[in-house]
Amino acid sequence: MKMRKTVLIALAISMLLSLTACGGDKAPASTPSAPSAVDAASLSENPGNASVESIQAGSFSTEDIALVISDKTFAINDPIDGVLETLGDNFEYTEAQSCAYADKGMDKTYSYDNDTLFFSTIPPEGKDIIAEVYVRGGDAATSKGIKIGSAREEIEAAYGAGYTFDESQGMLTYLDGEVNDVKTPRLYFLLDGEGKVTEMCIQSGRMAG
């Protein structure tokens, strides 16, 4: 098994939410394997930090916050067991004491495919469930077929126009709740200058408790 156990944080985007639950302690430095995740997290949680275009129309729900990987669909709040059964044990692993659920266990991150696919879990009921999935390569797709390389027009066709868009970061976000609430479940895409998806992420918002 390719497994590395450490108390350091593998994915800064996950820890930013956890730190919110811990009272806003200073976040650790970003991990080299996921540099843009930090910017994406801070902007999606605090869209007022940059010029954000808001579009109100469109349809989107929590059921859309899911990814298809190896022909299996994984959604937020699903048990991590299904991921491990499907993708196997060729992962790198990190853990840290859960801030939001300290009495229940550890927050964990599983990294697959040379750090292009990350699963972060939380233990709200003492069992590890998916809180976040972060993709920056490979064949993973959303439940509606959007993947790395898809165009913005394809995203809009799949999910409608009810999103916020941060032009300075190229971040397009669908939320099932309030924009400024870190507990709001969300699906976001980072787009390049040509409007193509370079990274995408689903979050349950439950890392903040």
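**Getting to know a predicted model**

Trainee: Let's start with one residue: is D64 buried or exposed?
Mentor: This is a predicted model, and in it D64 has a relative accessible area of 11%. The cut-off for buried is under 20%. With 11%, D64 therefore counts as buried.

Trainee: Which residue forms a salt bridge with D64?
Mentor: The closest N and O atoms of the pair are 3.4 Å apart. The link joins distant parts of the chain, 80 residues apart: D64 sits in the loop between β1 (52–54) and β2, and its partner in the loop between β8 and α4. At 36% relative accessible area the partner is partly exposed. That partner is K144.

Trainee: How many salt bridges does the structure hold?
Mentor: Besides the K144 and D64 pair, there is a bridge between D128 and K108, at 2.9 Å from N to O. R152 and E156 also meet in one, at 3.4 Å. The total for the structure is three.

Trainee: Why does the pair of D128 and K108 tie together parts of the chain?
Mentor: Both residues are buried, and their side chains meet in a salt bridge. The pair ties together parts 20 residues apart in sequence, because K108 belongs to strand β5 while D128 lies in the loop between β6 and β7.

Trainee: In which helix do R152 and E156 both lie?
Mentor: E156 is partly exposed, with 29% relative accessibility. R152 and E156 are four residues apart, about one turn of the helix. That helix is α4.

Trainee: How many residues are in the largest nonpolar core?
Mentor: The members touching the most others are F119, V133, I155, Y159, L172, Y174 and F189. Elements giving two or more residues to this core include β6 (117–122), β7 (129–135), α4 (152–159) and β11 (186–191). A second, separate core has six residues, among them F118 and M171. For the largest core, the number is 31.

Trainee: Which residue is the bridge partner of L67 in β3?
Mentor: Three strands form an open, antiparallel sheet in the order β3-β2-β8. Its edge strands, pairing on one side only, are β3 (72–75) and β8 (141–142). Between β2 and β3 there are four bridges, and the partner of L67 is F74.

Trainee: What is the relative accessible area of S204?
Mentor: S204 lies in the segment after β12, and its side chain reaches the backbone nitrogen of R206 at 3.1 Å. Not counting residues up to four places away in sequence, S204 touches residues including I76, N77, I130 and P185. S204 is buried, and its relative accessible area is 2%.

Trainee: What pLDDT does the protein chain average?
Mentor: Of the residues, 72% score at least 70. The pLDDT stays under 50 over residues 1–21, and is below 50 over residues 23–58 too. Where pLDDT is low, the predicted coordinates should not be read in detail. For the protein chain, the average is 78.

How values were computed
Residues numbered from 1 in each chain as written. Heavy atoms only, no water. pLDDT = per-residue confidence, 0-100. Contact = heavy atoms within 4.5 Å. Core = buried A, V, L, I, M, F, W, Y, C linked by side-chain atoms within 4.5 Å. Buried < 20%, exposed > 50% of the residue type's maximum accessible area, 1.4 Å probe, protein only. Pairing = 2+ DSSP bridges. Polar contact = N/O pair within 3.5 Å; in protein donor to acceptor, adjacent residues only side chain to side chain. Salt bridge = Lys/Arg side-chain N within 4 Å of Asp/Glu carboxyl O.
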